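Work through the following exercises with the structure open. Each task is followed by its solution.

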Amino acid sequence: MEYPINYLSDYYAISSRANTKQTHWVFLLDFDNTLFNNDSFEADFKNYLDEAIGQSYRELYWAIFENLRQELGYADYLGAIQRYRFLTFNEDNLLDLASYVLDYPFKNHVYPDAIKVLHYLNTLGTTVIVSDGDIVFQPHKIKASGIWDEVDGRVLIYVHKEKELEDIQRKYPADFFMMVDDKPRILKAMKDDLQKKLTTIFVRQGHFAFDPRNSKDTSSINITINSIGELAPADICI
């Protein structure tokens with residue numbers, strides 16, 4: 001059953017139980033388009049590519065990027081730059097492309113109140129970032145955004161996190177889990193496995209959240225919110 005935003009009191013009821021000694025909660029949070037506006041980063045990168053290598057080469061890069069995503073199962077920006085290099089033999093601005101990606105001001109594009117939410121959840125249980133991605137750029141991005149430090153380095157990065165629940169539970173055992181993500185299909189896969197042990201929160205941020213192909217089945221969603229900031233009480237301060 002999917003709960004609309006008006007029923008976030010259900011969430012706070014759950015949270016209050018999380019703050020007892022009898023029950024330990026682990027709060028699992030996705031990163032891209034959940035805590036960090038990855039759509040904004042991609043838009044900026046596309047604009048930069050237009051200026052650095054031109055529209056035709058930009059289109060080639062994104063074709064390579066999407067093919068690589070299908071092949072690997074996650075976004076690999078640096079890997080796409082490397083493959084672009086070998087396919088085009090175009091060395092112009094390649095070093096600048098990599099530098100742009102690595103030096104991007106990720107901290108400026110963390111969603112409003114995301115840090116406040118992490119501070120609040122830290123008072124209720126254990127917060128863990130669970131993200132899909134490559135093993136080089138994705139942790140760099142999380143560190144550069146400041147999120148890594150907010151959870152004291154409790155960051156897990158997989159190819160498909162919904163298939164790694166055994167590993168997640170081994171590393172962060174809990175009585176109950178809560179998963180916050182922008183992709184209903186991932187929430188469903190995790191709910192199917194953990195059942196009542198997992199509370200699912202669908203945050204409607206980013207293009208995946210509004211893509212009908214990714215949200216055909218919302219039956220496993222417990223709570224729906226329109227922004228990550230809604231998970232923290234309005235009067236909490238950081």
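A nonpolar core is a set of buried Ala, Val, Leu, Ile, Met, Phe, Trp, Tyr and Cys residues joined through side-chain atoms within 4.5 Å. The model used here is predicted.

**Exercise 1.** Find which residues touch the most other members of the largest nonpolar core.

Solution. The largest nonpolar core has 50 residues. Those that touch the most other members are L29, L35, Y61, Y77, I129 and I228. Next, take L35 and leave out residues up to four places away in sequence: L35 then touches L29, D30, V110, Y111, A114, L118, I129, I147 and I228. A second core, separate from this one, has 20 residues, including V130, M179, I186 and L187.

**Exercise 2.** Classify the packing of α2 and α3: how are they oriented to each other?

Solution. Helix α2 spans residues 38–53 and helix α3 residues 55–72. Their axes come within 7 Å and cross at roughly 135°. Angles over 145 degrees would count as roughly antiparallel, so α2 and α3 are oblique to each other. Their crossing is right-handed. From α2, the residues E42, F45, K46, L49, D50 and I53 meet Q55, Y57, R58, Y61, W62, F65 and R69 of α3. By class, this contact has seven nonpolar, one polar and five charged residues.

**Exercise 3.** Do the same for α2 and α4: how are they oriented?

Solution. Helix α4 covers residues 77–88, and the axes of α2 and α4 come within 14 Å, crossing at roughly 20°. Angles under 35 degrees count as roughly parallel, so α2 is roughly parallel to α4. The crossing is right-handed. N38, F41, E42, F45 and I53 of α2 make the contact with Y77, I81 and Y84 of α4. The classes are six nonpolar, one polar and one charged.

Terms used: Residues are numbered from 1 along each chain as its sequence is written. This is a predicted model: local features need pLDDT of at least 70, side-chain atom pairs count only at pLDDT 80 or more; totals for chains, interfaces and linings use all residues. Side-chain values use heavy atoms; hydrogens and water are left out. Buried means under 20% relative accessible area, exposed over 50%, partly exposed in between (1.4 Å probe, protein chains only). Contact means heavy atoms within 4.5 Å. Axes are lines fitted to C-alpha atoms, for helices over the stretch in contact, and angles run from 0 to 180 degrees between N-to-C directions. Helices (H or I, at least four residues) and strands (E, at least two) are DSSP runs, numbered from the N terminus. Angles under 35 degrees count as roughly parallel, over 145 as roughly antiparallel, 65 to 115 as roughly perpendicular and the rest as oblique. A crossing is left-handed if the near helix is turned anticlockwise from the far one by less than a right angle, and right-handed if clockwise. Ala, Val, Leu, Ile, Met, Phe, Trp, Tyr, Cys and Pro count as nonpolar, Asp, Glu, Lys and Arg as charged, and the others, Gly among them, as polar.
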